[in-house]
Amino acid sequence: MEPVAVQYDLLRWIVLSPLLGAILVALLGRTLPRKVIGTLASAAVGVSFLIGLAAFFKLKELSGHGHGEETVFLADHLYRWFAVGGLNVEAAFVFDRLSAVMVLVVAGVSALIHIYSMGYMARDECYWRYFTYLNLFVFFMLLLVTADNAVAMFVGWEGVGLCSYLLIGFWFEDPEKAYAGKKAFVVNRIGDFGFLLGIILIFWSLGTVNFNEIAQQAPLLLTGGGTLATAICLLLFLGATGKSAQIPLYVWLPDAMAGPTPVSALIHAATMVTAGVYMIVRLNVLYLLAPAAMCVVAVVGAATAIYAASIGLMQNDIKKVLAYSTVSQLGYMFLAVGVGAFSAGIFHLVTHAFFKALLFLGSGSVIHAMSNKQDIREMGGLKKQMPVTYWTFLFATLAIAGIPPFSGFFSKDEILWKAFSSPQGHWTLWLIGFVAAGLTAFYMFRLVFLTFHGECRADEETKHHIHESPSLMTVPLIVLGVLSVIGGFAGIPEALWGGNHFHHWLAPLLGNENGAVEIPAGAHHWPLAVEYLMIVLSVAVAVTGIGAAYLFYIRKPEKPGQLAEQWPLLHQLIYNKYYVDEIYNVFIVQPIKLISTYLLWKIFDAGVIDGLVNLTGTTVRGLGRVAARLQNGYAQAYAVTFLIGAVLLIGSMIW
């Protein structure tokens with residue numbers, strides 16, 4: 001059934017409102033009071049959320065009345081952006097079921113982060129510049145999720161990359177922080193190149209970059225399992241690995257902690273890192289035509305999930321622990337979409353946005369109280385002084401650990417079940433995700449126990465300043481805490497007597513649901529008892545991880561040190577993050593620097609390019625000197641020159 005577009009002129013303001021906020025704050029920020037700047041920037045994103053909410057109810061109303069439940073969506077066409085050859089690109093926005101979910105998550109969580117930032121950044125000298133970048137970041141992300149074609153999505157894609165560079169390196173006076181911004185920018189360019197090639201290949205093979213037209217043309221023009229479909233999907237996935245920090249392009253994300261903590265929440269929870277998952281789900285029809293590419297996505301996702309979780313076991317920087325947990329949870333999302341469970345991937349994206357934003361904002365509250373200290377070995381006993389931060393942080397930790405009925409339980413459990421039971425899944429993928437779930441519960445509760453329980457290990461001066469954060473920071477924590485608890489109820493599976501409404505909401509957009517692409521043969525119908533067993537196992541492994549963390553860091557705190565002495569090589573390997581940064585530095589960074597310095601700069605640039613330019617100048621200057629000597633103003637010199645020329649001319653004629 002062909003999709004039905006309903007014009008909805010307000011859509012443009014979902015995207016443009018943060019842009020307008022960024023422009024106003026940039027132009028007037030130096031002259032306005034700080035409260036006005038923060039309120040203006042927060043209100044701009046709040047308007048996007050409210051319009052998104054109105055559009056959601058409009059879409060829901062239309063879906064049930066007269067336009068066919070499967071195909072209706074809202075659209076806002078502005079103008080033809082450009083037309084080159086057969087490529088026609090429109091400046092237009094789309095608001096279908098997938099966009100609706102993303103807009104509400106991006107705008108809603110970003111609005112809370114903006115409000116929190118008003119308290120966290122209250123004393124920063126560049127307050128107005130911070131909110132300018134923050135608004136600009138949300139603008140590009142909303143453009144990315146509402147674009148109706150791949151080219152416009154790419155503009156948003158590049159825009160969030162630019163804003164991440166600006167915000168990660170926000171305190172650019174510190175060379176380390178400036179370097180982290182550059183690292184994020186450069187690593188993302190590698191993935192972006194793959195994404196761009198994928199778009200070009202889509203246009204070359206399908207003749208369009210519009211998402212609706214791609215969904216209709218792909219099953220007709222591409223061969224299922226063919227080389228072309230596989231190449232397109234692998235190139236797109238290369239872009240996703242950069243933006244969503246998957247192996248091997250994840251290295252920028254842990255260093256992105258250099259920016260202000262609310263920025264970490266924005267990047268890790270609501271915006272940039274989710275772009276890759278969203279892009280693959282948006283183009284799910286292409287992936288269903290490329291099972292080999294889906295297998296690569298699932299394997300890379302599973303490998304990233306357990307790899308990053310293992311590194312998280314031994315990190316001592318509170319933000320670094322959360323950073324590696326983000327990489328790991330993104331791995332779960334790619335595992336889901338790789339086995340064809342697209343709605344499960346987006347479901348985990350949503351619940352992750354709630355609890356991960358809460359975890360980062362909670363860590364910011366802790367850092368704020370600890371006079372900017374971030375090492376959890378210097379913390380402890382903060383539970384009493386910071387009750388709001390503690391309880392909300394605990395809720396988010398229970399959610400990411402997968403403890404029912406917190407939100408992360410439902411979304412992670414669905415991914416594990418699909419990894420096992422899907423036609424594209426495999427029990428080894430489930431086992432990897434299962435072990436990673438246990439590791440996640442362990443390192444997250446290690447973080448909670450070392451930070452909030454036991455005796456405070458801070459110095460006396462720091463202890464004196466420990467306090468709960470102001471209401472501007474705690475209110476967003478409470479709101480996100482509530483969402484972390486109840487956010488998963490939208491996707492309670494049928495096996496647990498739920499309707500799995502989230503899955504049914506997205507189903508009409510997914511290729512294997514609306515019949516655009518058939519599910520590969522070999523699908524199994526597992527008995528309900530197997531699904532119950534999987535649920536019990538996933539809860540059991542989470543409880544085991546929490547119990548182990550309690551044993552190691554509350555009951556027997558000497559145990560981790562003893563294990564490190566028994567297994568020194570393994571301890572050093574994980575503690576140093578498998579030496580990946582060092583390996584990259586030796587085999588990639590240094591060779592590129594050497595090639596750039598000695599071959600491209602000193603030999604090619606300075607030697608060849610500059611040499612040719614300098615030779616041209618020297619030659620012209622020399623000829624000018626010769627000409628100047630000839631044109632000396634003496635008549636006898638001219639006569640001699642004339643005579644010599646005449647002799648030579650006559651001589652040549654005679655000879």
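Begin with the whole protein displayed as a surface: its accessible area comes to about 28200 Å², and carbon and sulfur atoms contribute 68% of that. The model is a predicted one. Switching to a C-alpha trace, one finds that these atoms fill a box of roughly 110 × 70 × 55 Å along the principal axes.

Next, colour the 655 residues by burial; buried residues account for 54% of them. If contacts are drawn for pairs with a separation of 6 or more, 80% of those contacts link residues 24 or more positions apart. For the charges, select the 37 positive and 38 negative ones; their mean positions lie 8 Å apart.

**Secondary structure**

Change to a cartoon representation, in which the protein shows 27 helices and three strands. Select residues 4-7 for strand β1 and residues 72-84 for strand β2; the two run parallel and are joined by four bridges. To inspect one position of this pairing, pick Val6, whose bridge partner in β2 is Leu74.

Keep β2 in view and add residues 87-95, which form strand β3. How do β2 and β3 pair, in the parallel or the antiparallel sense? The sense is antiparallel, and the pairing extends over nine bridges. Within β3, centre on Phe93, which stands opposite Asp76.

Then move to the connection between these strands. β2 and β3 form a hairpin with two residues between them. Select Gly85 in this turn and read its backbone torsions: phi is positive, at about 60°.

**Cysteines**

The last stop concerns sulfur. In general, a disulfide is a covalent bond between the sulfur atoms of two cysteines. How many disulfides does a search of the whole structure find? The search returns zero. Select Cys233, which takes part in no disulfide: the nearest cysteine sulfur belongs to Cys295 and is 13 Å away. Because a disulfide requires the two sulfur atoms to be within 2.5 Å, Cys233 at 13 Å from that sulfur does not qualify.

Is Cys233 buried or exposed? Cys233 is buried, with a relative accessible area of 0%. Now centre on Cys295, which is likewise in no disulfide, the nearest cysteine sulfur being that of Cys233 at 13 Å. Cys295 has a relative accessibility of 45% and counts as partly exposed. Showing both residues with the surface made transparent places the buried Cys233 and the partly exposed Cys295 in one view.

Note on methods
Residues numbered from 1 in each chain as written. Predicted model: local features only at pLDDT ≥ 70, side-chain atom pairs only at ≥ 80, totals over all residues. Heavy atoms only, no water. Pairing = 2+ DSSP bridges. Buried < 20%, exposed > 50% of the residue type's maximum accessible area, 1.4 Å probe, protein only. Contact = heavy atoms within 4.5 Å. Areas by Shrake-Rupley, 256 points an atom, 1.4 Å probe, with all protein chains shown as cover. Lys, Arg positive; Asp, Glu negative; His and termini not counted. Charge placed at Lys NZ, Arg CZ, Asp CG, Glu CD.
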